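Q: Please take a close look at a single part of the model shown here, and set that part in its wider surroundings. A connected, formal account would be preferred to a list.

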Amino acid sequence: MALVEAERGYVLAYDQGRLRQAVTAGLDYDAEVAQGFSASIAERVLFAGSPLYVADAGADPTWQAAASVAALRLTTVVCLPLAVPDKI
């Protein structure tokens with residue numbers, strides 16, 4: 001997060017066929033993370049295996065219709081797949 005000067009973020013883990021939250025930073029868990037995360041963005045990055053940068057998710061035609069983008073009022077999104085050998 002420091003590298004990209006992000007205000008907040010989290011690391012997700014792919015475990016037993018589903019995404020789950022693993023680590024958060026810069027967030028009030030009860031106020032923000034309990035609402036969930038953008039599974040549509042995270043799943044795209046996970047299964048494509050490539051990073052995604054969106055300057056304004058709420059205005060981007062690909063993402064603006066995603067319920068989580070609107071609910072979480074996402075703007076700049078950087079999503080990177082982290083992998084270990086033979087695992088996502």
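A: Two residues are in contact when heavy atoms of theirs lie within 4.5 Å. The model under discussion is a predicted one, and the part examined here is helix α1, which spans residues 39-48.

The setting comes first. The protein has two helices and four strands, and from the N terminus on these elements follow the order β-β-α-β-α-β. Of its 88 residues, 26% are buried. When contacts between residues at least 6 apart in sequence are considered, 43% of them join residues at least 24 apart. The accessible surface comes to about 6,300 Å², and carbon and sulfur atoms hold 53% of that area.

Within α1, the buried residues are Ile41, Ala42, Val45 and Leu46. Viewed down the axis of the helix, these buried residues fall within an arc of 130°, and they therefore line one face of α1. A general point about helix geometry is relevant here: an α-helix has 3.6 residues a turn, so residues three or four places apart point the same way. Phe47 and Ala48, by contrast, are exposed on the other side of α1. Just after the helix, glycine 49 adopts a positive phi of about 75°.

What do the buried residues of α1 pack against? Their partners are the strands β1 (9-15), β2 (18-25), β3 (52-54) and β4 (77-79), together with helix α2 (67-71). Two residues of α1, Ile41 and Val45, also belong to the largest nonpolar core. That core has twelve residues, the others being Leu52, Val54, Ala57, Trp63, Ala66, Val69, Leu72, Leu74, Val77 and Cys79. At least two core residues come from each of α1, β3 and β4. As a general matter, nonpolar side chains tend to be buried together in soluble globular proteins.

Individual contacts add detail to this picture. With neighbours within four places in sequence left aside, cysteine 79 touches Ile41, Ala42 and Val45, as well as Pro51 and Leu52. Serine 68 lies in helix α2, and it counts as buried because its relative accessibility is 17%. With the same kind of neighbours left aside, serine 68 is in contact with Ala39 and Ser40, and also with Phe37, Ser38, Arg73 and Leu74.

Leu46 can be related to the segment after β4, where alanine 83 is placed. These two residues are 37 apart in sequence, and their C-alpha atoms are 9.3 Å apart in space. Alanine 83 counts as exposed, since its relative accessibility is 62%.

One further feature concerns the surface. Val11, Val23, Tyr53, Val78, Leu80 and Leu82 form a nonpolar patch there, with about 620 Å² of accessible area together. Valine 11 belongs to strand β1, and with a relative accessibility of 38% it counts as partly exposed.

Technical notes:
Residues numbered from 1 in each chain as written. Predicted model: local features only at pLDDT ≥ 70, side-chain atom pairs only at ≥ 80, totals over all residues. Heavy atoms only, no water. Buried < 20%, exposed > 50% of the residue type's maximum accessible area, 1.4 Å probe, protein only. Arc of directions from axis to C-beta. Areas by Shrake-Rupley, 256 points an atom, 1.4 Å probe, with all protein chains shown as cover. Core = buried A, V, L, I, M, F, W, Y, C linked by side-chain atoms within 4.5 Å. Patch = residues over 30% accessible without salt bridge, like charges linked within 9 Å, V, L, I, M, F, W, Y side chains within 5 Å. Salt bridge = Lys/Arg side-chain N within 4 Å of Asp/Glu carboxyl O.
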